[in-house]
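Student: Could you help me learn to read a protein structure? I would like to go feature by feature.

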Amino acid sequence: MQIFIDSADVAELADLAATGLVDGVTTNPSLIAKAGKPILPTVKAICDLIPGPISAEAVATDHDGMVAEGRRLMELAPNIVVKLPLTMEGLKACRTLTAEGAQTNVTLCFSAVQALLAAKAGATFISPFLGRLDDGGQDGMALIREIRTIYDNYGYDTEILAASIRTPLHVRDAALAGADCCTIPPAVFRALYKHVLTDIGLENFLKDWKASGQTIL
Ligand code: G3P
């Protein structure tokens, strides 16, 4: 499974990219606003930092506006993925930009039939929002499983990008459900490394090693 980071904080992304485990990045208008810097140089800096797919979202709501914004974003770097909302206009823009050779990420997906439409529109990625479904008392992971089945039934190559991730359990379950990618907030990515038995085990190994008086180098 590809690991993307869900953030527009360039310094944080640089820190995480140094792990060698980051395959791509997703941003959205809220994350860009939170980062507090202009969108175009911010996205360009992220594209330069990480060679994988970098999603940047159009904010127009009509086809022509989204296509114009998508084309502008695509000028920034070859690894740009144009993110578009799952609306009728957004899927029309997805078809237009896909025909022009763009990579696209259809976002704000909350149902399997929405995901079916996105695949038919030629989306490179579909972003089902697990956490927001869970927040509302629905089963976000069931949506991933449904989309996996539908895409496999018909051979769609749109990649399932599990989004709105809240916990390491979401990452585990998305991987078990066959998501192609997972976009993870920085704090959750850091939490993936953690296990109390790892910490206790390492502490004990180091204590025993120190008592042995040995060195490796
Ligand atoms: O980038 C889209 C998605 O991951 C947003 O997550 O936490 O705002 O629901 P969240």
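Tutor: Happy to, and please keep in mind that this is a predicted model. Let's begin at the start of the chain: strand β1, helix α1 (residues 10-17) and strand β2 form a β-α-β unit, and this unit is right-handed.

Student: How do β1 and β2 pair, and over how many bridges?

Tutor: The general idea is that strands of a sheet pair through backbone hydrogen bonds, either parallel or antiparallel. Here, β1 and β2 (residues 24-26) run parallel and are joined by three bridges. To find the place on screen, look for D6, which stands opposite T26 in β2.

Student: What do the strands build together, and in which order?

Tutor: Eight strands close into a barrel, in the order β1-β2-β3-β4-β5-β6-β7-β8, with parallel pairing. From one strand to the next, the twist averages 30°. Helix α4 packs on the sheet, where it touches β3 and β4, and its direction makes about 160° with that of β4.

Student: Which strands pair with β8?

Tutor: On one side, β1 (residues 2-6) pairs with β8 in the parallel sense over four bridges, and Q2 stands opposite C181. On the other strand, β7 (residues 159-162) pairs with β8, also in the parallel sense, over two bridges. There, L161 stands opposite C181. Between β7 and β8 the chain passes through helix α9 (residues 168-176), making a right-handed β-α-β crossover.

Student: Are the two faces of β8 covered or open?

Tutor: In a regular strand the side chains alternate between the two faces of the sheet. In β8 (residues 181-184), C181 and T183 lie on one side, C182 and I184 lie on the other, and all of them are buried. As for β1, four of its five residues are buried, so the strand is mostly covered.

Student: Now a helix. What span should α4 have, and why?

Tutor: Helix α4 (residues 63-74) has twelve residues, and at 1.5 Å a residue these should span 16 Å. Its end C-alpha atoms are 16 Å apart, so the model agrees with the expected value.

Student: Which residues of α4 are buried, and what covers them?

Tutor: The buried ones are H63, G65, M66, V67, G70 and L73. Their cover includes helix α3 (39-49), strand β3 (54-57), strand β4 (80-85) and helix α5 (88-99).

Student: Where do I look for a core?

Tutor: In soluble globular proteins, nonpolar side chains tend to be buried together. The largest nonpolar core in this model has 58 residues, and those with the most contacts inside it are I80, L84, V106, I126, I144, I147 and A162. Helix α8 gives the most to this core, with five residues. A second, separate core has five residues, including F4, V81, L161 and C181.

Student: What is L84 in contact with, leaving aside its neighbours within four places in sequence?

Tutor: Its contacts include A58, M66, G90, A93 and C94, and also L97, T104, N105, V106 and T107.

Student: Last one: why does E146 count as partly exposed?

Tutor: E146 sits in helix α8 (residues 140-154). Its relative accessibility is 40%, which is neither under 20% nor over 50%, so E146 counts as partly exposed. As a final exercise, find A115: E146 and A115 are 31 residues apart in sequence and 9.5 Å apart in space, from C-alpha to C-alpha.

How values were computed. Residues are numbered from 1 along each chain as its sequence is written. This is a predicted model: local features need pLDDT of at least 70, side-chain atom pairs count only at pLDDT 80 or more; totals for chains, interfaces and linings use all residues. Side-chain values use heavy atoms; hydrogens and water are left out. Buried means under 20% relative accessible area, exposed over 50%, partly exposed in between (1.4 Å probe, protein chains only). Two strands pair if DSSP finds at least two bridges between them. A crossover is right-handed if, with the strands pointing away from the viewer, the path from the first strand over the helix to the second runs clockwise. The expected span of a helix is 1.5 Å times one less than its number of residues. Contact means heavy atoms within 4.5 Å. Axes are lines fitted to C-alpha atoms, for helices over the stretch in contact, and angles run from 0 to 180 degrees between N-to-C directions. A nonpolar core is a set of buried Ala, Val, Leu, Ile, Met, Phe, Trp, Tyr and Cys residues joined through side-chain atoms within 4.5 Å.
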